[in-house]
Amino acid sequence: MASLTIFPSSSAFIKKDVSLSAFSSQPSFYVKSSKKRVCKKIASVMAPQQSERKPSTTGSVKTGLTLTEKILARASEKTQLVPGENVWVNVDILMTHDVCGPGAFGIFKKEFGENAKVWDREKVVIIPDHYIFTTDERANRNVDILRDFCTEQNIKYFYDIKDLGNFKANPDYKGVCHVALAQEGHCRPGEVLLGTDSHTCTAGAFGQFATGIGNTDAGFVLGTGKLLLKVPPTLRFVMDGEMPDYLLAKDLILQIIGEISVAGATYKAMEFVGTTVESLTMEERMTLCNMVVEAGGKNGVVPADNTTYKYLEEKTNLPYEPVYSDGQARFLQEYKFDVSKLEPLVAKPHSPDNRALARECKDVKIDRVYIGSCTGGKTEDFMAAAKVFLASGKKVKVPTFLVPATQKVWMDVYSLPVPGSGGKTCSQIFEEAGCDTPASPSCGACLGGPRDTYARMNEPQVCVSTTNRNFPGRMGHKEGQVYLASPYTAAASALTGFVTDPREFLQ
Amino acid sequence: MAAAATTFSEHSAFKLVSCRPNSSSLTAFSSLKLPFAANSPNYSFKAWKSQLNPQRHHRITSPLRSTTTTPDAASTVTTFHGLCYVVGDNIDTDQIIPAEYLTLVPSNPVEYEKLGSYALIGLPSSYETRFIDPGEIKSKYSIVIGGDNFGCGSSREHAPVALGASGVAAVVAESYARIFFRNSVATGEVYPVESEGKPCKECKTGDVVTIELGESDSKLINHTSGKEYKLKPIGDAGPVIEAGGIFAYARKTGMIPSR
């Protein structure tokens, strides 16, 4: 059992040994002070400079590495490295989409030449997903730009869409990039996956190093297959206990972000371990890692195990080699949670760290509910929502928008039976509950998008959403108020017309 | 001089100049943003513009790195000067450039300008003085002063690009979100400066400020209030910024071939 080890010289960052047990509603003095201290200490952009550690004279004592450090060491062909070090890393997969792809390609061509070829046509995965089902001409043009580049470069994995009127008429089209990457087997333990999207960290659920980068960095990777990355120190989150049946991974990550703040993990890796994490499905692990960036995290990781291998079985032929944190690995901080003490949460407007108990927001009247996105639009997210609607048997009191993340999720929503329903599918349950018809798969209104985006918030309304950010204007209207929540909480709220703890229906 | 200046379109400013005699790294980096070659490596394009357009203050660089080794004069000082626009903590990328404008492709010169015209349009209406005046496409503020976690949220490179395209030369923040910081360094669009403490609490939008980045110490001078604030050294990103961005740095260190 890994003991709590604090990274020596960076204890200047966070002086307290932050061992938290799960908190209930009392905002304790402890939480307030550590939050304030953490905020102040995150001021430094640079990780503390470490002098290179030398092996002992016998050569047999080595510094233990964390999972993240090991991946970066292997990818940079080093045997040792320390947090704070900048290393050139070999990239296994580069992903881009319709918003950032065109810019990245522009830079690639400017820097490497009009006739330059990408470093590896099988390692670039191009996934249009952000602004797809819209009449916005520039948005449509951007998908064309992706296509032209893929044709010219003979890119192997391009999940194209041409017929915008009928997503099903596009055999290659997938939908939301982070979910597609997982479903198509591009996420493998031990690898380095970079993407031009902040939620690329989702793939860390597979025990790999995955993080978001910008167009310029992506242009560089396109030409070289490498990038200069700074090795992050790791924060370890130990979650133990049986997951209560009204809680989902979304509640766990909202708990954590509320604890450490939106800058609590800046430049750091977040490693999730413990019996609770081990009990999570791959999709739940993806939800957990997805919002690492909302705490400022560089990447999130869940160590690979049988759950991971099973998921990957039918999906990838490529060999992979998982890595794990050494027993002697040094962690910057360790946080412990007793999951059985946690309750369903929301993040109130306008910050993902504005944590509150769902039950304490029951007087907040809402105007709409949105269930979708890489965070909360996967198959299991819809199954979870359906479970709540089924338990209630009633109809929703507010417009409830459902946007499956990918084609596959959409098909699952229409075909998989929901346990305890006597064979009904999610779609049937949603229909009976009076939800909107599940829409074409894409990122949808999670980030607002072009004005005609389905479910975009064009008026100042209050929305409970299974998405990942709620800064001002996130879903469209600047004065819109977004409460981030789990699919259980979102469904429960839809049924009452107020922010609602799902235990109202699940117990 | 005027003729040379007019060959450069508005967006062609290379934001950061470390004035050295042979700035091949400079040219390489400026080609990142320019459709045509830069042929005045020792001058900041923005300095040209400010000479023609005196009321729009941009960055003034003092080319102090000479070939001599006189102790004081040999230190490189980068300065930025202009009006500042003050914002708070956690200014996320949706406030810097709302998602609906992300259909604009930054590497397209016309769309680059358009992005600039929307910079910080996402700030709530509680910000009564807007960053860009109605009807204008550029901002009169060349320095943004922010609090904690500036640029949090998305990885969209459109964020530092929009700020740069609107006329911002540097941002001074208490801390940055990592992807925004990285993108600022990689593109060279805005120089991300870190402050000690929170000058955003005391500075007011419209104050005239100067940022002085020296080798041993750096400071923010508020001429309107008369106060000075300590700034932090750039740290690891220094060599990359100095080389002229990630591509120039990679060429310089032999990671990719020179052009």
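## Close-up views of a predicted two-chain model

Chain A's secondary structure adds up to 16 helices and 17 strands. Everything shown in these views comes from a predicted model. The predictor scores the complex with an ipTM of 0.83 and a pTM of 0.84.

**View 1. Chain A as a whole, before zooming in.** Of the 507 residues in chain A, 65% are buried. Take the contacts in this chain between residues at least 6 apart in sequence: 76% of them join residues at least 24 apart.

**View 2. The largest nonpolar core, with its best-connected members.** This core counts 213 residues. Those touching the most other members come from both chains: Leu194(A), Phe272(A), Phe389(A) and Phe430(A) on the one hand, and Phe150(B), Leu163(B) and Ile211(B) on the other. Helix H12 of chain A, residues 379–392, is the top contributor to this core with seven residues. A separate second core has six residues, among them Ile132(A), Val143(A), Tyr173(A) and Trp410(A).

**View 3. Phe389(A) and what it touches.** Leaving out residues up to four places away in sequence, the contacts of Phe389(A) include Lys394(A), Val396(A) and Thr400(A). Ile429(A), Phe430(A), Ala433(A) and Cys435(A) are on its list too, as are Ala491(A), Ala494(A) and Leu495(A). Phe430(A) turns up here again, having already appeared with Phe389(A) among the best-connected core residues.

**View 4. Strand S9 of chain A, hemmed in on both faces.** All the way along S9(A), residues 269–273, five of the five residues are buried, so the strand is largely enclosed by the rest of the structure. Ala269(A), Glu271(A) and Val273(A) sit on one side, Met270(A) and Phe272(A) on the other, and both faces are covered. That fits the usual pattern: in a regular strand, side chains alternate between the two faces of the sheet. Phe272(A) is also one of the residues with the most contacts to other members of the largest core.

**View 5. The parallel partners of S9(A).** Strand S8 of chain A, residues 234–240, runs parallel to S9(A) and is joined to it by five bridges. One of the residue pairs here is Thr234(A) with Ala269(A). S10(A), residues 299–301, also runs parallel to S9(A), this time with three bridges, and Glu271(A) has Val301(A) as its bridge partner. Add helix H7 of chain A, residues 249–260, and you get a right-handed β-α-β unit made of S8(A), H7(A) and S9(A).

**View 6. A six-stranded open sheet in chain A.** The strand order is S13-S12-S17-S16-S14-S15, and the pairing is mixed. S13(A), residues 355–357, and S15(A), residues 400–403, are the edge strands; each has a single partner, so one side of each lacks a neighbour in the sheet. From one strand to the next, the twist averages 25 degrees. Helix H15 of chain A, residues 487–496, packs on the sheet and touches S12, S14, S15, S16 and S17 of chain A. The direction of H15(A) makes about 150 degrees with that of S14(A).

**View 7. Strand S16 of chain A and its two partners.** S16(A), residues 462–465, pairs in the parallel sense with S17(A), residues 481–485, over four bridges. Across that pairing, Val462(A) stands opposite Gln481(A) and Ser465(A) opposite Leu484(A). S14(A) also pairs with S16(A) in the parallel sense, over three bridges, and there Arg368(A) faces Cys463(A). Which way do the residues of S16(A) point? Val462(A) and Val464(A) go one way, Cys463(A) and Ser465(A) the other, and all are buried.

**View 8. Helix H2 of chain A and the loop before it.** Seven of the nine residues in H2(A) are buried, so to speak tucked away, and the helix is mostly covered. The buried set is Leu67(A), Thr68(A), Glu69(A), Ile71(A), Leu72(A), Ala73(A) and Ala75(A). Just past H2(A), Glu77(A) takes a positive phi of about 60 degrees. Ahead of the helix, Thr63(A) lies in the loop between H1(A), residues 29–41, and H2(A), residues 67–75. Is Thr63(A) buried or exposed? Its relative accessible area is 15%, which puts Thr63(A) among the buried residues. Thr63(A) and Leu164(A) are 101 residues apart along the chain, and their C-alpha atoms are separated by 54 Å.

**View 9. Chain B, with a stretch to read carefully.** Chain B has a mean pLDDT of 77, with 71% of its residues at 70 or more. Over residues 1–74 of chain B, the pLDDT is below 50. Beyond near neighbours in sequence, this stretch still has 129 contacts in the model.

Methods: Residues numbered from 1 in each chain as written. Chains lettered and ligands numbered in written order. Predicted model: local features only at pLDDT ≥ 70, side-chain atom pairs only at ≥ 80, totals over all residues. Heavy atoms only, no water. Core = buried A, V, L, I, M, F, W, Y, C linked by side-chain atoms within 4.5 Å. Buried < 20%, exposed > 50% of the residue type's maximum accessible area, 1.4 Å probe, protein only. Helix = DSSP H or I, 4+ residues; strand = E, 2+ residues; numbered from the N terminus. Contact = heavy atoms within 4.5 Å. Pairing = 2+ DSSP bridges. Axes fitted to C-alpha atoms, helices over the stretch in contact; angles between N-to-C directions. pLDDT = per-residue confidence, 0-100. Right-handed = clockwise from strand over helix to strand, strands pointing away.
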